[in-house]
Amino acid sequence: MIASGGDDHTVALWDMSRCIAHGQPQPYGARMQGHTDYVRTVQFHPTLRWLVSADDMTVRIWHWPSRVCIARLAAPVSPVSLLSTASCRSLRFCVNICDVAPNSQIGFD
């Protein structure tokens, strides 16, 4: 599975396993909608079924199987062009925004 963001303000999922049969990536379900500007970066969480996307001056956390946005957070800077995700401390989920010096971290439980 690959995720992409674009200038249409959506996040798309692509099924690479179907690429072999069809010769190119195939869309995997409906696009995730909610951003109001370009989506510059997307990142899957390494163990949870969550995906993080940014940047319309927000960071959005999605439950990607259901395409539901479970959190909308204000980004400390814009544009956000690089994110990383991890489980951390007592929180189930952290988003590191790598465009800020020092890096900003948003926790989500």
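This report describes a four-stranded sheet, the aromatic pair beside it and two buried residues in a predicted model.

The model is predicted, so local features need pLDDT of at least 70 and side-chain atom pairs count only at pLDDT 80 or more, while totals for chains, interfaces and linings use all residues. Residues are numbered from 1 along each chain as its sequence is written, and side-chain values use heavy atoms, with hydrogens and water left out.

**The sheet**

Four strands form an open sheet in the order S5-S6-S7-S8 with antiparallel pairing, where strands are DSSP runs of E with at least two residues, numbered from the N terminus, and two strands pair if DSSP finds at least two bridges between them. S5 and S8 are the edge strands, each pairing on one side only, and the twist averages 20° from one strand to the next (axes are lines fitted to C-alpha atoms, and angles run from 0 to 180 degrees between N-to-C directions).

S5 and S6 pair in the antiparallel sense over four bridges and form a hairpin with five residues between them. Strand S6 (residues 50–54) is joined to S7 by five bridges, again in the antiparallel sense; these two strands form a hairpin with three residues between them, and methionine 57 in that turn has a positive phi of about 70°. Bridge partners on either side of S6 are listed below.

| Residue in S6 | Partner | Partner strand |
|---|---|---|
| Leucine 51 | Phenylalanine 44 | S5 |
| Alanine 54 | Threonine 41 | S5 |
| Valine 52 | Isoleucine 61 | S7 |
| Alanine 54 | Valine 59 | S7 |

Five of the five residues of S6 are buried, a term that means under 20% relative accessible area, as against over 50% for exposed and partly exposed in between (1.4 Å probe, protein chains only). Both faces of S6 are covered, with Trp50, Val52 and Ala54 on one side and Leu51 and Ser53 on the other.

**The aromatic pair**

The structure holds one aromatic pair, for which the ring centres of Phe, Tyr or Trp (its six-membered ring) must lie within 6.5 Å, with planes under 30 degrees apart counted as stacked, over 60 as edge-to-face and the rest as tilted. Phenylalanine 44 and tryptophan 64 form this edge-to-face pair, at 5.9 Å centre to centre and 85° between the planes. Because phenylalanine 44 lies in strand S5 (residues 41–44) and tryptophan 64 in the loop between strand S7 (58–63) and strand S8 (68–74), the pair ties together parts that are 20 residues apart in sequence. Phenylalanine 44 is partly exposed at 24% relative accessible area, whereas tryptophan 64 is buried at 13%. Arginine 49 lies over the face of tryptophan 64, at 5.0 Å from the ring centre; such a charge needs NZ of Lys or CZ of Arg within 6 Å of the ring centre and within 35 degrees of the ring normal.

**Two buried residues**

Threonine 58, found in strand S7, is buried with a relative accessible area of 2%. Its side chain makes polar contacts with the side chain of aspartate 56 at 2.2 Å and with that of arginine 60 at 3.3 Å. A polar contact is a pair of N or O atoms within 3.5 Å; within protein, one must be able to donate a hydrogen and the other to accept it, and residues adjacent in sequence count only if both atoms are side-chain atoms. Histidine 45, in the loop between S5 and S6, counts as buried at 5% relative accessibility, and a polar atom of its side chain lies 2.9 Å from the backbone nitrogen of leucine 48.
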